[in-house]
Amino acid sequence: MVHQSEDQLFKYATKEDGFGLLKLLKESNANIKEIDFKSENLTYNPTELVELGPKIYKTDMILELDHLIVLTEFQSTIVKTIDEKRYRLYTALVDYAKRNNKPLILIVISTAEKTKIKQYKINKDCVFTIPIVSLKDFDGDKIINNIENKIKNNQKITRHEMLNLALAPFMSSKKPLDKQIEKTVKTLDEVRKSMKCSSDFVFGIELLIVEKFIKNDSLFRLHQMFGPCRKMYFSKCCIHWF
């Protein structure tokens, strides 16, 4: 299962641009290109639909389109049998609780393994299919460079581009992980400074990246950069993450 801070980053970015996330999934190498994500509306469905015992069994995010319900699960470890069972349970619970006839699909967004299709076999006649989309399919360096060029040329940066930038540390890069994180945070900070008014979205992503990855002295100064604002920001915005 995903680490809490990484999960928060994913949810915050997704809520800002659910359509952007779906576009990102379509651009991957996954065998889901035939799925039609076009929709006039997108609703973030409450995920606490069914409670079993003391724990609420829910996937990370449910995106309800006009014709389809997409369940997304952010995975930072290799998908094992216990995870496959968990995904099937999530899907079954949402299917049971939904109040329409829309089909369901669960998509795993992974930072730990390659894009693939996995199947959990309940028996020889019943198979649960799990598409896994790897963020390593995407070039994090290219995404960062593109935004840096837009800042230099005073061009508009779209929400989709911002979502891509927020997830850049989890994508492929020629840089070591700590350098890629540092580059991402610096670029996010440049975006924030280039705006006429402060952006909660940009700053929130920036802060979450630092909170998750600050584990050594090489990134300590980034933590110091945002430290004075942390209390104020969390008190204002943390309600959006849960």
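Start with the contact pattern of the whole chain. Take contacts between residues at least 6 apart in sequence: 64% of them join residues at least 24 apart. Keep in mind that this is a predicted model.

Now colour by secondary structure. The protein has eight helices and eight strands. Switch to a surface view. About 12900 Å² is exposed, and carbon and sulfur atoms supply 51% of that area. Of the 242 residues in the protein, 49% are buried.

**Stop 1: helix α5**

Select residues 159-166. This is helix α5, and the helix is mostly covered. How many of its eight residues are buried? Seven of them are. Show the side chains of H160, E161, M162, L163, N164, L165 and A166 to see the buried set. Keep α5 on display, as the next two stops use it.

**Stop 2: α2 against α5**

Add residues 18-26, which form helix α2. The axes of α2 and α5 come within 9 Å and cross at roughly 65°. Angles of 65 to 115 degrees count as roughly perpendicular, so α2 and α5 are roughly perpendicular to each other. The crossing is right-handed.

Which residues make the contact? On α2, pick G20, L21, K23 and L24. On α5, pick H160, L163 and N164. The residues of this contact divide into three nonpolar, three polar and one charged.

**Stop 3: α4 against α5**

Hide α2 and select residues 140-152, helix α4. Here the axes of α4 and α5 are 9 Å apart, and the packing angle is about 135°. That angle is therefore classed as oblique. Is the crossing of α4 and α5 left-handed or right-handed? It is left-handed.

Show I143, I144, N146, I147 and K150 in α4. They meet E161, N164 and L165 in α5. This contact divides into four nonpolar, two polar and two charged residues.

Now look back at N164. This α5 residue is buried. It takes part in the contact with α2, and also in the contact with α4.

**Stop 4: L22 in α2**

Bring α2 back and centre on L22, which is found in this helix. Is L22 buried or exposed? Its relative accessibility is 2%, so L22 counts as buried. Leave out residues up to four places away in sequence, then list what L22 touches: F37, L42, L63, L65 and V70.

Next, draw a distance from L22 to T72 between C-alpha atoms. The two residues are 50 residues apart along the chain, and their C-alpha atoms are separated by 10.0 Å.

**Stop 5: I35 in the loop**

Move on to I35. Where does it lie? I35 is in the loop between α2 and β1, the strand at 43-44. The relative accessibility of I35 is 15%. The cut-off for buried is under 20%, so I35 counts as buried.

Show its neighbours, again skipping residues up to four places away in sequence. I35 touches K26, L68 and I105. Finish with one more C-alpha distance, from I35 to L68. These residues are 33 apart along the chain, with their C-alpha atoms separated by 9.6 Å.

Methods
Residues numbered from 1 in each chain as written. Predicted model: local features only at pLDDT ≥ 70, side-chain atom pairs only at ≥ 80, totals over all residues. Heavy atoms only, no water. Buried < 20%, exposed > 50% of the residue type's maximum accessible area, 1.4 Å probe, protein only. Helix = DSSP H or I, 4+ residues; strand = E, 2+ residues; numbered from the N terminus. Axes fitted to C-alpha atoms, helices over the stretch in contact; angles between N-to-C directions. Parallel < 35°, antiparallel > 145°, perpendicular 65-115°, else oblique. Left-handed = near helix turned anticlockwise from the far one by under 90°. Contact = heavy atoms within 4.5 Å. Nonpolar A, V, L, I, M, F, W, Y, C, P; charged D, E, K, R; others polar. Areas by Shrake-Rupley, 256 points an atom, 1.4 Å probe, with all protein chains shown as cover.
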